Amino acid sequence: MKLALRTLPYLRPYRRLLGLSSVILVLDAMVDLANPWVFKILIDHVIGGQPTPPELAALLGPIAQDQGLFLVVIVTAGLVVAIINNGLTVWNSYLQTKIEQGMILRFRSQLFEHAQRLSLTFHDRQRTGDFMYRINYSSAAVGEIPMMVPQLAQAIITLIGMFIVTYLIDPTLALLSMTIAPFLWFSIRRYATHVQPRLEHVRSMEGHSLTMIQEAMSMLRVIISFGRESYEHQRFTEQGRRAVDARVRVTVSQTLFTMAINVITAGGTALVLGYGAFQVIEGRLTLGTLLIVMAYVASVYNPLQAIAGAGGTIQEHLINLKVAFGLLDTEAEIRDAPDAQPLERTQGRVTFKDVSFTYPGRLETLRNVTIDVEPGQVVAIVGPTGAGKTTLMSLLPRFYDPQDGRILLDGIDIRKITVKSLRQHFSVVLQEPLLFSASIAENIRYGRLDASMEEVVAAAEAANSHEFISGLPDGYETILGERGSRLSGGERQRVAVARAFLKDAPILILDEPTSSVDSRTEGVILDALDRLMVGRTTFMIAHRLSTVRHADLIVVLDHGRVVEQGDHETLIVQSGLYHKMHDAQVRQRAAREGRRPRVTPLP
Ligand code: ADP
């Protein structure tokens, strides 16, 4: 119930439309009530020749005397009632769809925004397909549930109206028709306890299928290169088959439920019909009255069935609503502190003070890291794989928050800075550049959305990429494939560097930007990066130590600890990890090139 009430705020903007829709509903229900009377008049008075009721006779005047004219008028009246009935239904369905879809869109975009704000820790644990399912499908319940209320209300109004009219005509028949109510109630209860939990299960299975599609499409290269298409296909089909089986079973149960409801109402109809016909034979009831009662009983059962059916549907919508609100209720772990201030452009002094960080469920990833970086310095972060280099860098823009210690930007704790303004201070160039499936110009402009075409080109020139872009048939308007496919790794990286140029942030994070390109391309990219680093504090995770020789500060990480720091000259003469890694790389390179290594002697 609480859950259903949470949909109300989404309804607010549509209050007026909803009011109008409710008025139409009531009108519609009233017209519904008028329907069977046409029949009664036709049977009893036009055909049966019974005396016309005085009100009707007064209304029709001489027409009531002429049987043919009477017939035409009554039949036409029936037609008009039917047309009004349907017209109102169409109008209302337009209004309701408008309200419902509007509400769903609002909720959906709220979920989308929220999903982006959740920390990476959360996304590390969640499956993307599950997100897609929640945002795109489950969210629909937010509009569907409130829209069921007027329908239910209409059903209830019609039910009460029909019952009263039937009761006025023949109390016994009316009461007889109601004997089925307890059976209906029992069926609904059974549905709620037996079918609903299974529905929940089917939903999660269907969400899983979506995850598989999403994952397979993003891993297509791996799948193809390992020749695992049929394996993936089989996995998907099997999972799909399980979901389909479960869905079929649930649908059968749902249909059985509908059938039970229909059988119960058919039983009721038989009861009323049998008793009514007996009354007609006995001469206690006219045929017209029996017909009108039957019409009303059928009309009583329509709303009854609608109410019973809605019971089932509402359960399903509520499950969806729970899932969707579950996502919305997940609090973003990385949030602005109440006293957070936006940060103006910094000088770029970065301080890590005793920072420790652990991924959920892992051993300590970073331990007591302390680093002091002056504005404009180039800092190289080196160390074996898994040492925690990437993790350390992801703490700076607050992708994660450290459990202990502080990170300061120009002396201000980054948790005291609004997340948005903090992140504006970083440009990140990753090992594997991620580009959108959009034009190259749009990809570069992602660095600053309001940049002019001249600025985009200038950034591309600075990133040594203008030349290759101009060489493409569509130039800057070349549309890239998903994740930037249709460009080589080196080209993608240069587009990413151009994007960073355009962003013009005071602090630069380079996460092994040249590790996946050949040495010739590496030269071109490093050249662009050198230009990009000017006047910015730069953190550079580097695997090839030859690229860090000129860094102002080299931080050596091992198992999450800073084991050494200093410049190349200082570190190379210590018999520490840096010296060992350096020697190993010199030897490797020499072995590749087939010459004797020049290893630095230790003092
Ligand atoms: P490096 O960049 O030095 O190779 P990382 O910072 O990527 O190292 O990883 C440090 C450690 O943290 C590794 O042991 C890795 O398994 C673990 N790790 C990295 N990312 C995650 C994550 N999202 N969740 C849990 N553990 C992670």
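These notebook entries record what I looked up in a predicted model of a protein chain with a ligand.

**Conventions.** I number residues from 1 along each chain as its sequence is written. Because the model is predicted, I accept local features only at pLDDT of at least 70 and side-chain atom pairs only at pLDDT 80 or more, while totals for chains, interfaces and linings use all residues, and side-chain values use heavy atoms, without hydrogens or water.

**Ligand shell.** I looked up the residues near the ligand (a heavy atom within 4 Å of it). There are 13 residues around the ligand, of which Asp124, Gly386, Lys389, Thr390 and Thr391 come nearest. Sorted by class, I find 4 nonpolar, 6 polar and 3 charged residues in this shell. Here Ala, Val, Leu, Ile, Met, Phe, Trp, Tyr, Cys and Pro count as nonpolar, Asp, Glu, Lys and Arg as charged, and the others, Gly among them, as polar. Helix α15 (residues 389-395) supplies the largest share of the shell, 3 residues; helices are DSSP runs of H or I with at least four residues, numbered from the N terminus.

**Ligand oxygen atoms.** I then listed polar contacts to the ligand, taken as pairs of N or O atoms within 3.5 Å. A polar backbone atom of Gly388 lies 2.9 Å from a ligand oxygen. For the side chain of Arg362, I note an N or O atom 3.0 Å from an oxygen atom of the ligand. At Ala387, a backbone N or O atom is 3.2 Å from a ligand oxygen. The ligand alone exposes 560 Å², and the protein buries 67% of that (Shrake-Rupley method, 1.4 Å probe).

**Domains.** The domain assignment, automatic or from a database, gives me domain 1 (2-328), domain 2 (357-425 + 506-603) and domain 3 (434-504). I read 26 Å between the C-alpha centres of domain 2 and domain 3. Their contact (heavy atoms within 4.5 Å) takes 14 residues from domain 2 and 13 residues from domain 3. Between them, the two domains bury about 1000 Å², 61% of it on carbon and sulfur atoms; this is the accessible area (1.4 Å probe) lost on being put together, summed over both parts.

Key:
A polar contact is a pair of N or O atoms within 3.5 Å; within protein, one must be able to donate a hydrogen and the other to accept it, and residues adjacent in sequence count only if both atoms are side-chain atoms. Helices (H or I, at least four residues) and strands (E, at least two) are DSSP runs, numbered from the N terminus.
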